[in-house]
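Work through the two exercises below with the sequence and the coordinates at hand. Each has a task sentence and a stepwise solution.

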Amino acid sequence: MSPYFKYILGKLKWYVLIFFAALFLNFFLPRLIPGNPISALVAQMAGGGASSDVLNKLYNSYIHEFGLDHPWYVQFIDYVVKVFHGDLGTSFSLYPTKVNTILAQALPWTIALQVPSILLGWILGNILGALAAYKKGKFDGTLFPITLFVSSIPYFCFAIILLYLFGVILNILPIGGGYSMALTPTFSIVFLTDALKHYLLPFLSLLLVIIGGQAIGMREMSIYELNTDYVRYAKLLGVSDKKIIRYVFKNAMLPQITGLSISLGTMVGGALITEIVFSYPGIGTWLFNAIRQQDYPLIQGGTLVITISVLLANFLIDIVYGIVDPRIRASQLEE
Amino acid sequence: MELLRSLIKSRKFLIGTSIFLALLLTSLIFPLVNSSDPLEMVGLLYEPPSAEHVLGTDNFGRDVLIEFIYGMKTSIFVGLVAGLIATLIGTTIGVIAGYVGRLTDNILNSTTNLFLVIPSFVILILLSSSLKSRSLLFLAIIIGITSWPWTARAVRAQTSSLRTREHINMAKLNGMNNFEIMLSEILPYVSSYIFMAFVLQVASGILSEAGLSMLGLGPSDVVSLGTMLSWALLYEAVRTGAWWAFFPPTIGISLITFSLLYMNTGMDEIFNPRLRGE
Amino acid sequence: MKKLVAEVENLKAYYKVKGRILKAVDGVSLGLRDGEVLGIAGESGCGKSTLAMSLSGLFLPPLKYYGGKIKLKDIEISKMDRKLLRKNVLGKKISFIPQSAMNALNPTLKIRNFVIDVLKEHEPELSEEEIIDRVEERFDSLSLSKRVINSYPFELSGGMKQRVITVISTLMNPEILLADEPTSALDVSSQHQIIKLIKTLLERRIVKSVVFITHELPLLRHIADRIAIMYAGQIVERGTTSQIIFSPLHPYTKMLMSSIITPEKGMKGKELPVVSGSPPNLYEIVAGCRFAERCPYVTEECKINEIKFHKIGDREVRCLHPLTERNGINAAK
Ligand SMILES: Nc1ncnc2c1ncn2[C@@H]1O[C@H](COP(=O)(O)OP(=O)(O)OP(=O)(O)O)[C@@H](O)[C@H]1O
Ligand SMILES: [Mg+2]
């Protein structure tokens with residue numbers, strides 16, 4: 001078995017384990033706290049003005065869906081089986097729409113917003129950070145404090161500032177939503193340009209903050225690498241700066257890749273809240289609405305989808321890391 | 001002492017600390033001299049700044065300036081409590097994992113990694129969305145207990161690099177037990193890292209609270225910078241141009257996080273001199 | 001006398017850190033002859049590595065050139081343009097074995113790719129195959145396994161890494177090899193291999209002369225032809241190996257000789273008293289003899305003016321009271 005394959009297999013096992021842990025948390029945590037979703041809901045419905053017919057129908061479907069008459073482990077197995085069948089239950093607030101349907105509609109927006117901004121932000125941030133380390137003084141003196149300040153502005157604060165500046169004061173970009181109300185999503189030029197206009201602000205606000213954060217990490221890593229013995233040795237053998245920078249860049253990148261995998265959860269969280277600022281029709285905005293309407297199946301479905309996406313992204317990052325860092329493969333051989 | 005002197009010499013650390021302390025003191029002293037209730041409605045919806053209400057009023061007709069100062073206090077409180085809890089748990093787990101090693105390390109480290117990969121805000125949402133009303137302390141505690149893995153990871157790395165040091169072997173020979181060694185031979189050596197991690201945890205705790213508030217899961221008993229933002233968004237302050245309702249909390253949160261991060265950068269440069277880029 | 005391959009005159013290289021100046025190499029003069037190994041010995045921190053670096057003409061910040069000359073036959077490299085230096089001198093005329101060989105290779109680059117990078121820099125017309133052929137041949141001829149060429153640094157043992165570095169550094173047949181403590185981090189058998197390797201390189205005229213730096217003066221007995229003793233940024237005594245080792249003139253040399261473990265025939269030597277006292281602060285250099293504070297023979301006279309080199313027969317020493325006149329035991333033979 002090739003060491004790389006062995007490495008991937010090990011990672012795969014690990015992620016399957018985390019996946020089940022996440023499923024368990026997703027199932028268990030809401031039930032941990034007294035005043036669980038169902039009883040809260042029953043109370044809410046008892047107080048609401050719904051007709052008893054609808055109320056009964058709802059109530060029975062929840063009892064059935066949650067299998068509340070069974071012990072918790074039966075409920076959990078039930079839940080896992082349902083998740084594996086791709087069934088996340090029925091939304092309370094948009095009854096009888098399935099949670100899957102809602103999330104399936106929202107997910108593409110979120111992915112379209114987050115994947116490019118995180119990836120591009122990560123790449124540009126790393127290049128900028130490496131440059132700042134290399135061109136110490138010139139670049140570093142002024143750029144660094146600015147970058148640090150930008151990157152310490154939380155995603156959603158930055159989003160609000162951009163929204164106010166470009167959407168309200170300058171009034172050159174739409175102030176929210178994923179597309180104009182008058183349009184229906186199709187693959188027409190009109191719709192796409194309209195969607196692109198709506199995309200710009202949320203995208204930029206994520207991009208800039210991510211660039212800032214990455215640049216700072218990369219600058220530190222690059223300064224560290226620039227001072228290593230191998231750099232000095234290569235210089236003393238007459239290797240050109242261009243090649244040395246390539247060494248440094250690659251080696252400083254490696255921890256940045258692991259860094260990305262660790263901070264991905266935070267980034268995604270920040271991005272989801274950015275969606276709320278722009279009323280962008282992704283998972284974040286849906287989650288916000290679900291929370292306000294105490295739509296538990298939708299909340300739990302949303303968090304599960306987010307967790308799974310983050311796990312998947314992390315798995316991909318690990319695969320890439322295994323390719324670029326030879327030491328990882330070697331450490332598999334030793335075992 | 002030596003350390004303290006070099007910390008004071010660091011411009012970044014000084015600037016960061018001064019901003020943070022200034023904000024903290026303002027939020028602590030102001031309520032002593034001004035007894036207005038931040039939740040009291042004193043005007044109409046979104047009144048622009050005036051002599052009476054320096055930062056205008058919010059969507060409920062409350063005075064934004066007073067809300068802002070109380071909100072800052074709330075946010076810093078959440079940050080400190082959450083940071084403290086996270087640092088306690090993280091340090092304990094990190095030191096034990098790093099020092100004891102073997103199976104214990106394996107288990108603790110896997111657990112840490114597991115919670116690093118599962119996004120902590122998901123856990124926060126699941127925990128707090130089940131409750132109809134959430135106290136500030138509850139939020140601070142759950143933020144604390146979901147954010148320890150960062151600290152645990154950093155402390156574990158530092159500790160395991162210390163494990164084979166001479167002075168620890170000496171301590172063993174002198175009959176110290178593991179607990180004493182961790183307390184007296186390891187903790188003091190990793191304390192600078194722990195403090196740096198704590199500062200970062202405070203910042204991230206403040207952000208977590210703000211994020212939760214933006215999702216509508218903020219504290220239901222007090223004003224925080226996050227709930228201010230959340231109300232401002234919900235009541236269209238941005239789109240209607242009521243800048244005074246969302247600028248203060250935006251700036252407040254950014255300034256607090258910036259001051260903490262700057263503090264951290266300053267300390268980093270002192271504790272890891274190689275970063276100091278001559 | 002053999003002809004000189006390099007001549008260093010009054011070389012000054014200081015570290016400039018936060019406005020403060022640390023005089024790590026403070027007026028060093030040396031001559032390097034064809035075919036010889038010049039040993040340089042001194043305590044930790046006396047500026048040996050800095051001197052070695054400076055001899056290559058490459059002053060990497062925070063190290064700065066403050067004066068003096070480094071002459072290779074006909075060219076003067078101390079003020080040479082960085083680009084020209086890199087193209088014509090580094091690796092080609094003067095090569096280097098760094099002190100910390102453990103980390104001297106890029107951890108994520110195969111040896112193969114590193115040598116390609118190095119050689120292409122100097123001979124761009126070579127193809128990768130030609131380069132690898134040449135490197136394999138060189139490895140073979142020095143009885144190193146060719147297999148290591150396809151390894152990553154972390155796959156090599158410490159001793160192997162050091163030998164690989166020695167071979168890489170001499171791939172372009174440099175005239176001068178600056179070896180900065182090439183053996184100090186190694187076990188005894190690896191030390192012997194490195195020394196054998198360096199001798200082979202000299203015998204085959206792959207390198208013309210070697211500057212061998214160490215803090216273990218006795219080690220030089222087995223490899224150096226001449227020795228210079230370094231203290232606080234300066235050379236304090238120069239002579240042939242037997243002169244320095246068997247009849248040191250400078251009190252510091254004597255201290256160095258008697259203080260360090262003597263590795264006789266691979267046996268663990270007896271540990272003798274460590275050099276007492278510590279070297280002076282190189283930020284604030286005192287007037288007079290830099291060794292005065294620690295010298296058992298110090299007089300008031302020593303603390304007034306900077307001590308110049310004194311000629312004693314064919315030997316040179318920076319000392320007002322060299323050990324010859326004090327007790328006669330070391331009268332020049
Ligand atoms: N990058 C640097 N910046 C500032 N000072 C330095 C730097 N490198 C070395 N020094 C200082 O210069 C002096 C000489 O250092 P150098 O490394 O040349 O000594 P050395 O004789 O090689 O010691 P060792 O035997 O430990 O290798 C020391 O006082 C050291 O602290
Ligand atoms: Mg040295």
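The exercises treat an interface between chains and one between domains.

The model is predicted, with local features needing pLDDT of at least 70, side-chain atom pairs counting only at pLDDT 80 or more, and totals for chains, interfaces and linings using all residues. Residues are numbered from 1 along each chain as its sequence is written, chains are lettered from A and ligands numbered from 1 in the order in which they are written, and side-chain values use heavy atoms, without hydrogens and water.

**Exercise 1.** Describe the interface of chain B and chain A.

Step 1. Contact (heavy atoms within 4.5 Å) involves 51 residues from chain B and 61 residues from chain A.

Step 2. The buried area (accessible area, 1.4 Å probe, lost on putting two parts together, summed over both) is about 4900 Å², with 77% from carbon and sulfur atoms.

Step 3. There are zero salt bridges between chain B and chain A (side-chain nitrogen of Lys or Arg within 4 Å of a carboxyl oxygen of Asp or Glu).

**Exercise 2.** Describe the interface of domain 1 and domain 2 of chain A.

Step 1. An automatic or database assignment sets the bounds: domain 1 spans 19-84 and domain 2 spans 99-334 of chain A.

Step 2. Domain 1 of chain A brings twelve residues to the contact and domain 2 of chain A brings eight residues.

Step 3. About 880 Å² is buried between these domains, 65% of it on carbon and sulfur atoms.

Step 4. The salt-bridge rule finds zero across this domain interface.
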